[in-house]
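Please look over the model shown here with its sequence, and then read the notes that follow, which are grouped by topic.

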Amino acid sequence: TVRGGSSLAWIQNLLRKQVANIIEDNMNFAQQQLRFAFDEIDYAIVNESPESREKREKNGWGELTNPRNSEPDGTLYLVPSKDWTSGFFPGELWFLYEYTQNNFWKKKAQQHTDILEKEKMNGSTHDMGFKVYCSFGNGYRLTQDEHYKEVLLQSARTLATRFKPNAGIIRSWDHSTAKWACPVIIDNMMNLELLFWATKESGDSTFYDIAVSHARTTMKNHFRPDYSSYHVIDYDTITGQVLKKNTHQGFAHESAWSRGQAWAFYGYTMCYRETRLPEFLEQAQHIGKYLFS
């Protein structure tokens, strides 16, 4: 039993130090890993297989940019800028710059962000938030670089071209046309944050209206009564009718896909933060209850 305010204060101070040490230890480890990654990136570029290079050139995918994952042999797998994960690595570098205020990380973040700029005009995908908001978005937040702002605004305009007003959603994929007419995946909730940001920065409410429409339509059609989520909903873009409810990357069409649940949980929490509409907070709470039960 601890008696007295001074003893309690001592324990509280000790706990604060332990938490601070955990954070510092993890950030130091992250710096070690990412410094090592730069050499591995150079190695992966130089040693790209002829098959990989031929495939990239044949499909017009452009140069390799940032790492997506490590292979079983420990080497890094790099992706061109069009890949939906290309913005994650520069996002990590911006976070390290924010934590350390070390210009080494700022320069590396700028380097790995700038190589993604052409994606601002890539209207063939919904992944603009993943690619551009993680990279240029964090860069603008930390540097207030006006060029980054323009890249972000153009990215939002490009994303808005995928909005299908009759269905009230942003189309996700253009591939697999034999399987779906207009597929919308739960992942798309993550890309609405860019549109809310663009509303505030540009004063154009069109971005806001598109984001809210997509969130509401997704809320109506993507969720089962227990608030688990389908992965893919297929829409008729003329009537707005739902054609199919599928799961593309989960176990089965009627199963809950754990990563998709996380997209939804973040997405509706973020939508409430940006709109203060109670329906989005309630949806996030329902999804959270499903996840944690």
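In this predicted model, ring pairs join Phe38, Phe89, Phe104 and Trp105 into a cluster. The count of aromatic pairs comes to 18, and the points below take up two of the pairs that involve Trp94, then a helix contact, and finally two backbone positions.

**Aromatic pairs of Trp94**

- Trp94 and Tyr97 form an edge-to-face pair, with 6.3 Å from centre to centre and 75 degrees between the planes.
- Because they are three residues apart in helix H3 (residues 88-100), Trp94 and Tyr97 are separated by about one helical turn.
- Trp94 has a relative accessibility of 0% and therefore counts as buried, and Tyr97, at 9% relative accessibility, counts as buried as well.
- Trp94 also forms an edge-to-face aromatic pair with Tyr148, for which the values are 6.1 Å centre to centre and 85 degrees between the planes.
- The pair of Trp94 and Tyr148 links distant parts of the chain, since Trp94 lies in helix H3 and Tyr148 in helix H6 (residues 146-160), 54 residues apart.
- Both partners of this second pair, Trp94 and Tyr148, are buried.

**Contact of helices H8 and H9**

- The axes of helix H8 (residues 205-221) and helix H9 (residues 258-275) come within 11 Å and cross at roughly 140 degrees, which makes H8 oblique to H9, given that only angles over 145 degrees would count as roughly antiparallel.
- The crossing in which H8 passes H9 is left-handed.
- On the side of H8 the contact is made by Tyr208, Val212, Ala215, Thr218 and Met219, and on the side of H9 by Tyr268, Cys271, Glu274 and Thr275.
- Sorted by character, the residues of the contact between H8 and H9 comprise six nonpolar, two polar and one charged.

**Positive phi outside glycine**

- Ser176 has a phi near 55 degrees, which is a positive value in a residue other than glycine.
- Ser176 sits in the loop between strand S4 (169-170) and strand S5 (183-185), and with a relative accessible area of 30% Ser176 is partly exposed, as this class covers the range between 20% and 50%.
- Arg276 likewise has a positive phi in a residue other than glycine, with a value near 60 degrees.
- Arg276 is located in the loop between H9 and helix H10 (278-292), and at 54% relative accessibility Arg276 counts as exposed, because the cut-off for that class is over 50%.

How values were computed
Residues numbered from 1 in each chain as written. Predicted model: local features only at pLDDT ≥ 70, side-chain atom pairs only at ≥ 80, totals over all residues. Heavy atoms only, no water. Axes fitted to C-alpha atoms, helices over the stretch in contact; angles between N-to-C directions. Helix = DSSP H or I, 4+ residues; strand = E, 2+ residues; numbered from the N terminus. Parallel < 35°, antiparallel > 145°, perpendicular 65-115°, else oblique. Left-handed = near helix turned anticlockwise from the far one by under 90°. Contact = heavy atoms within 4.5 Å. Nonpolar A, V, L, I, M, F, W, Y, C, P; charged D, E, K, R; others polar. Phe/Tyr/Trp six-rings, centres within 6.5 Å; stacked < 30°, edge-to-face > 60°. Buried < 20%, exposed > 50% of the residue type's maximum accessible area, 1.4 Å probe, protein only.
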